[in-house]
Amino acid sequence: MMAAVAWRSLLPVIMISIFMVYEEWVSFPSCKLLPSTTYSPDKHVENVDDSLEDLKVMMVANLLLLGSEAGFVNLYFRDYYMSKFFKKSFQSLNPDMLLVLGDVSAKGSELSRTKWLSVLHQFDNMLGPFLDLPLHVILGDRDVGECSGLCANSVTWIARNFPGLDSSGCGAFEISNISFVSLNAIALLCGNNKLRFDVEKVIERESVGLQMEIEGMDEANNGFGMFSEMSNDFRWRVNAMKSSSGPVLLLHFPLYQSGKTHIGEGSTFKSIIDPSGKVPASAQHEGFSGTGPYDLSQTVPPNATEYIFHALKPRIIFSAHTQEFSDHTHPDGTREVTIPAMTWKVRDDPGFIVATFQRNKSAVSVTYCSVARESRILIAYTSALVLFLFFIIVSNTLEPKGLS
């Protein structure tokens with residue numbers, strides 16, 4: 001009888017201890033270094049400062065936060081675990097910077113400014129220790145809306161709440177001798193509007209700046225008035241830069257794609273040919289409930305994609321939106337990595353990537369990281385509850401026998 005009573009009193013402590021150990025273990029990400037999809041010779045970059053270390057950048061996308069509209073399950077289960085995932089990822093990976101590639105909010109384009117502030121507060125709480133690192137956030141279609149509802153004033157207000165963005169939602173910065181350019185890709189889908197023209201000005205400005213650095217001030221100025229015409233009013237300046245010699249390009253929408261793509265499926269990656277430039281149907285998920293129709297196969301139009309490639313010659317491209325991971329090689333050999341959604345709201349197996357920019361090499365290594373599946377955690381909690389109830393029933397059944 002005494003043993004049964006002691007066992008019953010210790011059972012809650014044992015169960016809580018098991019939960020704490022399981023929560024710690026399941027919160028750490030599982031990461032896998034991906035093979036490069038492009039040929040990149042192991043060559044040293046000239047004029048590199050030997051004091052610089054490799055730059056490790058963690059990239060996430062599609063957080064889809066609800067702010068004050070978050071229900072009990074989202075607030076105390078999903079968002080709670082996502083906060084733990086961020087904390088444990090910070091501890092285990094020790095990144096130098098965090099990039100968020102759009103869709104911080106699930107339906108930001110529909111929110112008032114007061115509700116947007118609640119999303120921003122939730123965003124800060126979720127990032128935790130990452131707030132002490134350099135942070136850059138780009139805008140997604142759920143943040144600012146699609147073309148029919150795109151408002152320049154709203155974009156400007158939202159952009160002001162994220163570091164490094166101008167009034168059009170674009171940004172440019174340099175860290176550890178690595179140049180980054182982020183573009184408001186939503187505006188590039190929307191025809192002739194002020195935001196699109198503002199984004200084009202950013203692209204042109206960065207293009208001129210890059211040519212001044214590479215070719216010298218005189219040569220860049222000599223080519224200042226030389227343009228080539230494109231369809232749909234896109235115009236580019238003559239650019240003698242080599243492919244992949246420009247900045248790291250950050251977008252929410254992927255660029256128009258044709259050629260070889262590697263789509264992530266769990267821990268394996270399959271190679272497919274996608275001539276249409278759209279994400280395959282097998283790689284698409286349903287949109288987030290209650291936020292309106294969003295085309296997950298949407299990409300930046302071909303003419304805008306060609307314009308960006310010519311003007312910026314990006315070293316590597318990181319995009320999001322599709323909610324799936326993919327690793328694509330464009331016809332000129334430029335690599336584009338699409339970041340998966342970092343939320344259980346749209347997929348059972350969220351993930352993110354870590355890009356390491358090596359200071360003495362031109363290559364960029366990409367690591368794919370996955371976090372715990374929601375279904376497995378729910379199964380673990382359900383199993384623990386059933387086991388707890390089983391022990392209670394058994395102990396209550398045995399107690400009368402001890403008294404007799």
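This report walks through the overall make-up, the disulfides and the aromatic pairs of the structure above.

## Overall picture

Let's start with the whole chain, keeping in mind that this is a predicted model. The protein has 404 residues, and 50% of them are buried. Its secondary structure consists of nine helices and 16 strands. Among contacts with a separation of 6 or more, 74% join residues that are 24 or more positions apart. The accessible surface amounts to about 18800 Å², and carbon and sulfur atoms supply 57% of that area.

## Two disulfides

How many disulfides does the structure hold? There are two, and with the bonded cysteines counted along the chain, they follow the pattern 1-4, 2-3. Here they are side by side:

| Disulfide | Sulfur to sulfur | Angle about the S-S bond | Handedness |
|---|---|---|---|
| Cys31 and Cys369 | 2.0 Å | 110 degrees | right-handed |
| Cys147 and Cys190 | 2.1 Å | -85 degrees | left-handed |

Take the link of Cys31 and Cys369, which is right-handed. Cys31 sits in strand E1 (residues 30-33) and Cys369 in strand E16 (residues 364-370), so this bond ties together parts that are 338 residues apart in sequence. The two ends are covered to unlike degrees: Cys31 is partly exposed at 34% relative accessibility, whereas Cys369 is buried at 0%.

Now for the other bond, between Cys147 and Cys190, which is left-handed. Both of its ends are in loops: Cys147 lies between helix H4 (141-144) and helix H5 (152-160), and Cys190 between strand E6 (178-182) and helix H6 (194-215), so the pair connects parts that are 43 residues apart in sequence. Is Cys190 buried or exposed? Cys190 is buried, because its relative accessible area of 16% falls under the 20% cut-off. Its partner Cys147 is partly exposed, with a relative accessible area of 37%.

Two further cysteines are worth a glance. Cys151 is partly exposed, at 32% relative accessible area, while Cys170 is buried, at 1% relative accessibility.

## Aromatic pairs

Turning to the aromatic rings, a search of the whole structure finds 15 aromatic pairs. One of them joins Phe86 and Phe130, with 5.8 Å from centre to centre and 80 degrees between the planes, an edge-to-face arrangement. Which parts of the chain does this pair link? Phe86 belongs to helix H2 (residues 72-93), and Phe130 to the loop between helix H3 (113-127) and strand E4 (135-138); the two are 44 residues apart. Phe86 and Phe130 are both buried.

Phe325 and Tyr368 make another edge-to-face pair, their centres 5.0 Å apart and their planes at 65 degrees. Here, Phe325 comes from the loop between strand E12 (316-319) and strand E13 (326-329), and Tyr368 from strand E16, 43 residues apart. Phe325 and Tyr368 are buried too. Strand E16 thus turns up in both stories, because it holds Cys369 of the disulfide with Cys31 as well as Tyr368 of this aromatic pair.

Finally, there is a group of rings to look for in the 3D view: Phe77, Tyr80, Tyr81, Phe85 and Trp344 form one aromatic cluster.

Note on methods
Residues numbered from 1 in each chain as written. Predicted model: local features only at pLDDT ≥ 70, side-chain atom pairs only at ≥ 80, totals over all residues. Heavy atoms only, no water. Helix = DSSP H or I, 4+ residues; strand = E, 2+ residues; numbered from the N terminus. Buried < 20%, exposed > 50% of the residue type's maximum accessible area, 1.4 Å probe, protein only. Contact = heavy atoms within 4.5 Å. Areas by Shrake-Rupley, 256 points an atom, 1.4 Å probe, with all protein chains shown as cover. Disulfide = S-S within 2.5 Å. Phe/Tyr/Trp six-rings, centres within 6.5 Å; stacked < 30°, edge-to-face > 60°.
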